[in-house]
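Take a look at the model below. We start at the ligand and then move to a single loop residue.

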Amino acid sequence: MNGTPAMRSILDLAVSGVQALQPYAPGKPLGELEREFGITQAVKLASNENPLGPSPRVRQALRGALDELGRYPDGNGFALKTALAAHVQVDAACITLGNGSSDVLELVARAFLSAQSSAVFSAHAFAMYPLITQAIGARSLVTPAHRGERGPRYGHDLAAMLEAIEVNTRLVIVANPNNPTGTWAPAGELRAFVERIPGDVIVVIDEAYFEYVEASDYPDTVAWIDAFPNLLVTRTFSKAYGLAGLRVGYGVSQPALAEVLNRVRQPFNVNSLAQAAAVAALQDTAHLSASVALNRRGLQQYEAGFKSLGLDFIPSAGNFISVDTGRDAGQVYTALLREGVIVRPVANYAMPGFLRISVGLPEENRRCLEALARVLGT
Ligand SMILES: *Cc1c(COP(=O)(O)O)cnc(C)c1O
């Protein structure tokens with residue numbers, strides 16, 4: 001130990017990208033609110049979860065999978081990849097499974113970014129993008145969002161994203177729809193964007209809310225992978241399929257890109273319960289349709305509610321909606337907690353006046369809107 005410099009803190013020992021990291025702030029869990037405020041019967045509308053939960057078929061599949069818990073999961077996810085390949089109509093070699101789609105995003109960053117490269121994404125885009133970029137020590141090139149002239153307010157400005165690409169840029173991420181804004185890019189515009197991305201840049205289209213989108217000009221990007229070796233589409237079972245607690249998502253790309261991601265993947269990154277549940281969830285198309293229909297009505301409920309409160313909101317294609325409280329939303333958030341309603345403040349997304357509210361059951365949405373009216377004194 002001779003000659004060692006003065007004691008450094010453990011944080012000082014971390015690589016510089018990690019030193020600058022702000023950990024991801026998840027939505028407040030119900031149990032925490034109940035512990036802190038002594039409130040029971042609270043509603044959580046803070047993490048874009050499906051209020052119906054998973055299909056009943058999932059429970060059945062999980063019971064069957066329990067018998068095999070002593071064994072490692074199938075590291076290649078054969079059954080789930082086969083089911084997904086049929087579902088999205090690609091070869092199974094095009095699928096990458098992840099411990100949530102966040103895991104797939106992280107695999108991309110680890111495989112393609114370095115301290116010498118950069119990643120491009122939009123302002124107000126999903127918080128995981130700067131996180132995974134910075135953890136590697138790569139630079140984040142964040143482009144301003146639309147202000148409502150050439151595209152939806154707060155939506156990704158794809159032209160600005162193209163312009164931001166530098167020679168050392170290796171990754172571009174588009175959230176479509178984006179969280180927390182709910183904004184999305186139509187097929188024609190997104191296809192033209194992907195066509196202009198240089199071949200040495202990986203372009204990720206994050207479709208965590210794919211199943212909820214009902215617009216006719218929403219793109220079928222999986223059909224584009226044949227044309228673009230650098231394209232990866234990510235989706236998840238956490239949102240519309242109601243499996244957030246199990247952690248399972250996937251990527252779709254050409255096999256060569258999937259093969260690179262497979263090199264950095266933990267061998268058993270998707271557990272056996274998650275794999276069994278995802279296969280079962282895919283089979284229950286009626287549950288998915290019911291979830292999507294419930295969400296559509298919930299969005300209408302919020303839009304009508306916000307209008308009657310005189311509040312501005314961003315029209316959303318996801319299972320959440322961001323509303324402009326017209327004041328410091330952090331205070332509104334805290335006041336709502338006392339009313340037993342957990343929503344999500346989005347100041348960390350450079351939207352300090354907004355709250356993001358996940359669509360719940362009609363009764364939960366009603367409680368949220370009533371609490372909001374009380375808190376805002378309208
Ligand atoms: C929720 C979300 C994800 C991923 O969630 P996982 O649970 O890790 O699959 C990815 N992207 C966006 C934009 C999201 O909102």
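**The ligand and its surroundings**

Start with Asp-206: an N or O atom of its side chain is 2.5 Å from a nitrogen atom of the ligand. This is a predicted model. Ser-102 also makes a polar contact, with a side-chain N or O atom 2.5 Å from an oxygen atom of the ligand. Tyr-209 offers another, with a side-chain N or O atom 2.6 Å from a ligand oxygen atom.

How much of the ligand does the protein cover? On its own, the ligand has 380 Å² of accessible area, and the protein covers 94% of that. As for location, the ligand sits in the largest pocket.

Now look at the shell around the ligand. Gly-100, Ser-101 and Ser-102 are among the residues there. Phe-126 and Asn-179 belong to the shell too. So do Asp-206, Ala-208 and Tyr-209. The list also includes Thr-236, Ser-238, Lys-239 and Arg-247. By class, the shell has six polar residues, three charged and three nonpolar.

**A loop residue**

Next, find Ile-39. This residue is in the loop between helix 3 (30-37) and strand 1 (43-44). Is Ile-39 buried or exposed? Its relative accessible area is 16%. Buried means under 20%, so Ile-39 counts as buried.

Finally, trace from Ile-39 to Arg-338. In sequence, the two are 299 residues apart. In space, their C-alpha atoms are 7.8 Å apart.

Conventions:
Residues numbered from 1 in each chain as written. Predicted model: local features only at pLDDT ≥ 70, side-chain atom pairs only at ≥ 80, totals over all residues. Heavy atoms only, no water. Near = heavy atom within 4 Å. Polar contact = N/O pair within 3.5 Å; in protein donor to acceptor, adjacent residues only side chain to side chain. Areas by Shrake-Rupley, 256 points an atom, 1.4 Å probe, with all protein chains shown as cover. 1 Å grid on protein atoms, 1.4 Å probe; cavity = no way out; pocket = protein on both sides within 12 Å on 5 of 7 lines; lining within 4 Å. Sits in = over half its atoms within 2 Å of the grid points. Nonpolar A, V, L, I, M, F, W, Y, C, P; charged D, E, K, R; others polar. Helix = DSSP H or I, 4+ residues; strand = E, 2+ residues; numbered from the N terminus. Buried < 20%, exposed > 50% of the residue type's maximum accessible area, 1.4 Å probe, protein only.
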